[in-house]
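This report goes through selected features of the structure shown below. It moves from the chain as a whole to single residues.

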Amino acid sequence: MNPAPSVILFTVASGAGFGMLAMLGAGMPSPTGWAAFLLFSLAYLLAVGGLAASAFHLANPKNAVKAFSQWRSSWLSREAILAIAALLVSAVNAFSSVFFETVLPVFGWVGSLLSIGTVLATGMIYAQLRAVPRWNSPLTPALFLAASLSAGALLTGQPIFAVFGLLMYAALQLAVWVHGDEAFPRSGSTSSTATGIEAEHVSLFEAPHTGSNYLLKEMVFRIGRKHASRLRVIALSAAIAIPLIILFISTSLPALFLAGIVHLCGMVVARWLFFAEAEHVVGLYYGRNA
Amino acid sequence: MTDLPQNTGQKLGLVIDLDTCVGCHACVVACKGWNTENYGAPLSDQDPYGADPSGTFLNRVHSFEAYFDDAPAQIIHFPRSCLHCEDAPCVTVCPTGASYKREEDGIVLVNEADCMGCGLCAWACPYGAREMDAKAGVMKKCTLCVDRIYNENLQEVDRVPACVRTCPAGARHFGDLGDPESDVSKLVSERGGVDLMPEQQTRPVNKYLPPRPKDSKAVMHGDSQLEPVATEATGLIAWVDRMLEKLP
């Protein structure tokens, strides 16, 4: 799949933002006054900035408001609704914490759960796609949630939760790679099932067009494979290992913040791989046998 | 709502005969010609006469080669377009309600006035049936020529999809696949029509008729046909053979 920068930025930034809101809402920590102002501002900047980035990949953004209508069947619609709900409910607690120095735990907790729901919905958008076997797994939303809470814990200064989150994320990320590398063959889709031709060997003889098209640009992206293993090491180091080492050395706020920044840089690489490595079965029609 | 209808009255769709398709791409051209000036936004081209042309098509013809253990290899032309699936994953993922499957005849359509161009439906489709138009920014797909098949301004013979009407080989058939007595349903049962990628659980309405069995290798290269008819040369050939042997 095409690793569009807007979608990578959206999922990483909004994941971190909603992770922060989930932590702050659950009272870990429950700041008031200026501390609350800084933490909630950062959380909203990341979450809303991510949502804004996602609007850049729409080809026809004037209809974006209609995305709130199809919650009954569409995970993308559910994500949009949950995101707005999480931002609004958390805002009540944020406003009260900043300006009245009063934490409102009910709004906090509901906002926290809605934030977690938003991240899970983001993961489900990818997990539901049977046409992308690598994503089509319950591990996908779990991976998104672990990444989101890790970033949230680092940026809100919760060292114990951050270590726990990073270890969870590491385990899930490794599981996703092990599971994902075998997912396409396991899906059973081959050039033979794609064309309905039963033969010992079926392969593309001539493509329908000599140039590119939307399908090839969007779904048959292949650059990721060449450096995939190197990038996996970089992603694991930056997103998990270096932040853990920083936390081991110091759990001061600047150290946590630094660990958070390094983690987010690693997450950009990991998320880039998430898209670049994912094979769509439509590639079978273009001679890409996974 | 982008929920799928429980049951559609009719199941209109295509039956494509991979045995008869000659790979001429006439259906591709007829489809583009009709659909660029009718339902919804035109099917735009980018850099059409330049170095890197691309464009929106609702129907494309691939050519595959197939190797068999017991039969000679074959080239099989494979037209690919929307299969109007009963469990269409492109419809349920749509967040705006632009994608829908019609209850009366099962045709899967995009209401372009609602489409925000997120492209998720194209990701959800295993068959590459949806292409985002780069000019209009909305998703385009096969409409089964919904503006032809019910169009009373056209002669009756023309009230079929443009690809079916134009196919010079008679490889494309249009009809109600929900009616077991329809010509297309009979054709599917006679010829063993198949679903594409059944493991994707989309329950396609369109069916593909696999190529009929061709000559086997045993018939073509059987030992009896290739036995040498003479082992010893005689006459003029034998003399030429002896003379050539004598040359240094």
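The sections below describe a predicted model, beginning with the overall form of one chain.

## Overall form of chain B

Chain B holds 8 helices and 11 strands. Its radius of gyration is 25 Å, whereas a compact globule of 248 residues would have a value near 18 Å. Along the principal axes, the C-alpha atoms of chain B fill a box of roughly 90 × 50 × 40 Å.

Of the 248 residues in chain B, 51% are classed as buried. Among the contacts in chain B with a separation of 6 or more, 61% come from residues 24 or more positions apart.

## Surface and charge of chain B

About 11900 Å² of accessible surface belongs to chain B, and carbon and sulfur atoms contribute 53% of that area. Chain B carries 23 positive and 36 negative charges, and the mean positions of these two sets lie 2 Å apart.

## Nonpolar cores

The largest nonpolar core comprises 122 residues, and those with the most contacts inside this core are A:Trp135, A:Tyr169, A:Tyr285 and B:Trp123. Helix 1 of chain A, residues 5–25, gives the most to this core, with 10 residues. Another core, of 10 residues, lies apart from the largest one and includes A:Ala153, A:Leu154, A:Leu247 and A:Ala255.

Which residues surround A:Trp135, leaving aside its neighbours within four places in sequence? In chain A, the contacts of A:Trp135 are A:Met1, A:Tyr126, A:Ala127, A:Leu129, A:Thr140, A:Phe274, A:Phe275 and A:Ala278. In chain B, A:Trp135 is in contact with B:Trp123, which is itself listed among the residues with the most contacts inside the largest core.

## Helix 1 of chain B

Helix 1 of chain B spans residues 26–35 and is largely enclosed by the rest of the structure, because 7 of its 10 residues are buried. The buried residues are B:Cys27, B:Val28, B:Ala30, B:Cys31, B:Lys32, B:Trp34 and B:Asn35.

These buried residues pack against both strands and helices of chain B. The strands are strand 2 (45–46), strand 3 (54–55), strand 4 (59–67) and strand 10 (172–176). The helices are helix 4 (146–149) and helix 5 (162–166).

## Strand 4 and B:Glu65

Strand 4 of chain B also contains B:Glu65. B:Glu65 and B:Ile76 are 11 residues apart in sequence, with their C-alpha atoms 6.1 Å apart in space.

Not counting residues up to four places away in sequence, B:Glu65 touches B:Gln74 and B:Ile75 in chain B. On the chain A side, B:Glu65 touches A:His201, A:Val202, A:Ser203, A:Leu204 and A:Phe205.

## Backbone exceptions

Most residues other than glycine have a negative phi, and most peptide bonds are trans. The peptide bond between A:Met28 and A:Pro29 is cis, with omega about 0°. A:Pro29 sits in the loop between helix 1 and helix 2 (33–55) of chain A.

Two residues of chain B that are not glycine have a positive phi. B:His25 has a phi of about 65° and is placed in the loop between strand 1 (12–17) and helix 1 of chain B. The relative accessible area of B:His25 is 25%, so B:His25 counts as partly exposed. B:Gln201 has a phi of about 55°, and this residue lies in the loop between helix 6 (183–191) and strand 11 (207–209) of chain B.

Note on methods. Residues numbered from 1 in each chain as written. Chains lettered and ligands numbered in written order. Predicted model: local features only at pLDDT ≥ 70, side-chain atom pairs only at ≥ 80, totals over all residues. Heavy atoms only, no water. Helix = DSSP H or I, 4+ residues; strand = E, 2+ residues; numbered from the N terminus. Rg over C-alpha atoms; globule rule 2.2 N^0.38 Å. Buried < 20%, exposed > 50% of the residue type's maximum accessible area, 1.4 Å probe, protein only. Contact = heavy atoms within 4.5 Å. Areas by Shrake-Rupley, 256 points an atom, 1.4 Å probe, with all protein chains shown as cover. Lys, Arg positive; Asp, Glu negative; His and termini not counted. Charge placed at Lys NZ, Arg CZ, Asp CG, Glu CD. Core = buried A, V, L, I, M, F, W, Y, C linked by side-chain atoms within 4.5 Å.
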